[in-house]
Amino acid sequence: MVGALSLSCATHAGLDEGIKAANEGQFEEALKEFNYLADKGYAPGIYELGKLYEDGHGVTKNYRKAADLYQQAVKKWHVDSMFALAVLYDEGKGVKLDKQMAVSLFKQAAEKNMPAAQFNLGVMYSNGDGVAQDYKQAMKWYEKAAGNNYSLAQFNMALMYFEGLGVDKNIEKSYIWNTVAEFNGNLNASHSRKLDEQKMLPAEIIEAKEKANELYERIQAGLYGGEGRLY
């Protein structure tokens with residue numbers, strides 16, 4: 001048991017050292033660390049090695065090698081690798097273009113509560129990309145990402161409410177989610193919020209602003225449990 005614990009500490013330390021080296025542009029050192037960890041079957045190390053091959057840092061860019069490495073880590077249920085491999089399938093880099101496989105991998109990562117995967121899944125359902133177009137499913141995944149304070153999903157939720165896609169058209173909710181996304185620095189949401197205001201009475205704007213502040217606080221505190229608990 002002690003031996004296993006020390007190995008775990010060593011792999012974490014090696015991972016941190018490799019990431020630090022990569023961030024500082026010392027790719028030869030990073031490559032050495034990640035190769036060692038990959039040989040040990042350590043999923044985060046396999047993933048980081050895949051990133052080096054995908055980006056061509058310290059090695060010749062090789063999408064196929066990156067995809068192979070991500071696949072190894074996916075088999076170990078590594079969430080970042082699920083997402084990275086999904087992107088490669090979505091773009092047909094290093095693997096045959098396969099939108100359905102991309103959706104499947106995004107869903108695996110989304111179900112492990114990865115906000116970027118939840119958002120991407122929402123986009124694919126919204127566009128009918130790799131799946132049948134389904135605005136209700138899109139909203140489901142946007143809301144999960146929005147609850148994880150992912151501003152792009154918050155903005156897209158506002159758009160869905162503004163257009164009435166997958167939900168009843170609701171300018172107040174569009175305003176609220178635009179405001180929350182704006183709090184997170186989304187400039188498009190700021191512009192959209194002003195369009196919402198043109199369709200609202202002054203008293204409605206004041207009330208919506210209060211709801212937006214409350215919603216943002218709940219999201220920040222990790223207490224957002226879905227719209228049914230807010231409105």
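**Close-up views of an all-helix chain**

Of the 231 residues in the protein chain, 44% are buried (buried means under 20% relative accessible area, exposed over 50% and partly exposed in between, with a 1.4 Å probe and protein chains only). This is a predicted model, in which local features need pLDDT of at least 70 and side-chain atom pairs count only at pLDDT 80 or more, while totals for chains, interfaces and linings use all residues. Residues are numbered from 1 along each chain as its sequence is written, and side-chain values use heavy atoms, with hydrogens and water left out.

**View 1. The whole chain, built from 12 helices and zero strands.** Here helices (H or I, at least four residues) and strands (E, at least two) are DSSP runs, numbered from the N terminus. The pattern along the sequence reads α-α-α-α-α-α-α-α-α-α-α-α. Along its principal axes, the C-alpha trace spans about 65 × 40 × 35 Å. Among contacts with a separation of 6 or more, 47% join residues 24 or more positions apart; a contact means heavy atoms within 4.5 Å. The chain exposes about 12100 Å², with carbon and sulfur atoms supplying 50% of that area (Shrake-Rupley method, 1.4 Å probe; for residues, only the protein chains shown count as cover). For those setting up charges, there are 26 positive and 31 negative side chains, and the centres of the two sets lie 4 Å apart. Lys and Arg count as positive and Asp and Glu as negative, leaving out His and the chain ends; each charge is placed at NZ of Lys, CZ of Arg, CG of Asp or CD of Glu.

**View 2. The largest nonpolar core and Phe-106.** A nonpolar core is a set of buried Ala, Val, Leu, Ile, Met, Phe, Trp, Tyr and Cys residues joined through side-chain atoms within 4.5 Å. The largest one holds 68 residues, and Phe-106 and Trp-177 touch the most other members. Helix H5 (residues 79–91) gives the most to this core, with eight residues. In soluble globular proteins, nonpolar side chains tend to be buried together. Leaving aside residues up to four places away in sequence, Phe-106 touches Phe-83, Ala-86, Val-87, Ala-117, Asn-120, Leu-121 and Met-124.

**View 3. Helix H5 and its cover.** The 13 residues of H5 reach 19 Å from first C-alpha to last, close to the 18 Å expected at 1.5 Å a residue; the expected span is 1.5 Å times one less than the number of residues. Its buried residues are Ser-81, Met-82, Phe-83, Ala-84, Leu-85, Ala-86, Val-87, Leu-88 and Tyr-89. Helix H3 (43–55), H4, H6 and H7 are included in what covers them. Ahead of H5, Trp-77 sits in the loop between helix H4 (63–74) and H5. Trp-77 has a phi near 65°, a positive value in a residue other than glycine, and counts as exposed because its relative accessibility is 55%. After H5 comes Gly-92, whose phi is positive, near 70°.

**View 4. Helices H7 and H8, with the loop that follows H8.** Helix H7 (residues 115–127) has 13 residues and reaches 18 Å, close to the 18 Å expected. Its buried residues include Phe-119, Leu-121, Gly-122, Met-124 and Tyr-125, and the buried set packs against H5, helix H6 (99–111), helix H8 (135–147) and helix H9 (151–163). Just after H7, Gly-128 takes a positive phi of about 65°. The end C-alpha atoms of H8 are 18 Å apart, in agreement with the 18 Å that its 13 residues should span. Buried in H8 are Ala-138, Met-139, Trp-141, Tyr-142, Ala-145, Ala-146 and Gly-147. The buried residues of H8 pack against H6, H7, H9, H10 and helix H12 (202–220). Asn-149 lies in the loop between H8 and H9, with a positive phi near 65° although this residue is not glycine. Asn-149 counts as partly exposed because its relative accessibility is 24%.

**View 5. Thr-179 in helix H10 and Leu-187 in helix H11.** Thr-179 belongs to H10 (residues 171–183) and, at 5% relative accessibility, counts as buried. Not counting residues up to four places away in sequence, Thr-179 touches Arg-193 and Ala-212. Leu-187 is found in H11 (residues 187–197), and its 72% relative accessibility makes it exposed. Leu-187 and Phe-155 are 32 residues apart in sequence and 9.8 Å apart in space, C-alpha to C-alpha.
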